[in-house]
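Dear colleague,

Please find below the structure I am handing over to you. A short account of what was found in it follows.

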Amino acid sequence: EIIGFFRFIDYPPDNLSFYTFVSGDIFRIQAQKKYPEEIRQLDETVFIENNESTVLYKRFRELFPKTWSSLIEPFIRQAGFYPPYDIFQDITQVFNLYENFSGSAPFLLSFGSILHKLEQEEINSISSFLSKWEENAASNNPYAIDMSEDETRIRVMTVHKAKGLEFPVVIVPFADKRGGKENNLFWEDGHFFHITKDFARINPK
């Protein structure tokens, strides 16, 4: 979906890329949250009823003006002025990718790293990025994400999701209140948390 969106904003008349994005979860979830009245009317007939000569984004812009001006048009304006890395960072914020797709955080971070690396190689336009992406996909060594559990990494999650996983090291940010015992940590912010050396195999004490 992200690649499809890049292809669309690089060349808006690309009907297939536009359809790929607006029919996908990244767009749908956020659009339904922000403009439920408009998106309620979005179905397959919007695209099926068009003939081959119709540019889909123009019809979409007419039917869903609020959604268009808020979620899509700003990125078209950025094309040609901002590098893909900066555009991707805006995509993650506008579409709340880390919130809506928390399980895909490793991919999103890795994708961002790839874009940043390519920017350092002076691949600063969407078209040059897409050419590089397609070239790499066809090679014997395509971009990949190493998700091995034994790799040294920091995993960010809520206390609820971390419960019972027995990580060797646990960091609780903004938890600066301590209890009566030396090894206890209390965090009072509407909730009460109690951490002892039994919960993390490595304890600073």
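Once neighbours within four places in sequence are set aside, Asn 15 is in contact with Thr 54, Val 55 and Leu 56. Please note that the model is a predicted one.

Of these partners, Val 55 lies 40 residues from Asn 15 in sequence, while the C-alpha atoms of Asn 15 and Val 55 are 6.4 Å apart in space. With Leu 56, the side chain of Asn 15 reaches the backbone nitrogen at a distance of 2.9 Å. Asn 15 has a relative accessible area of 22%. It counts as partly exposed because this value falls between the 20% limit for buried residues and the 50% limit for exposed ones.

Asn 15 belongs to helix α2, and the packing of this helix may be of interest to you. Helix α2 covers residues 15-22 and packs with helix α1, residues 2-10, at an angle of about 135°, the two axes being 8 Å apart. At that angle, α1 is oblique to α2, because the value is neither over 145 degrees, as roughly antiparallel would require, nor within the 65 to 115 degrees of roughly perpendicular. The crossing in which α1 passes α2 is left-handed.

Which residues make the contact between α1 and α2? From α1 they are Gly 4, Phe 5, Arg 7 and Phe 8, and from α2 they are Ser 17, Phe 18 and Phe 21. Sorted by class, the contact of α1 with α2 comprises four nonpolar, two polar and one charged residues.

Yours sincerely

Conventions. Residues are numbered from 1 along each chain as its sequence is written. This is a predicted model: local features need pLDDT of at least 70, side-chain atom pairs count only at pLDDT 80 or more; totals for chains, interfaces and linings use all residues. Side-chain values use heavy atoms; hydrogens and water are left out. Axes are lines fitted to C-alpha atoms, for helices over the stretch in contact, and angles run from 0 to 180 degrees between N-to-C directions. Helices (H or I, at least four residues) and strands (E, at least two) are DSSP runs, numbered from the N terminus. Angles under 35 degrees count as roughly parallel, over 145 as roughly antiparallel, 65 to 115 as roughly perpendicular and the rest as oblique. A crossing is left-handed if the near helix is turned anticlockwise from the far one by less than a right angle, and right-handed if clockwise. Contact means heavy atoms within 4.5 Å. Ala, Val, Leu, Ile, Met, Phe, Trp, Tyr, Cys and Pro count as nonpolar, Asp, Glu, Lys and Arg as charged, and the others, Gly among them, as polar. Buried means under 20% relative accessible area, exposed over 50%, partly exposed in between (1.4 Å probe, protein chains only). A polar contact is a pair of N or O atoms within 3.5 Å; within protein, one must be able to donate a hydrogen and the other to accept it, and residues adjacent in sequence count only if both atoms are side-chain atoms.
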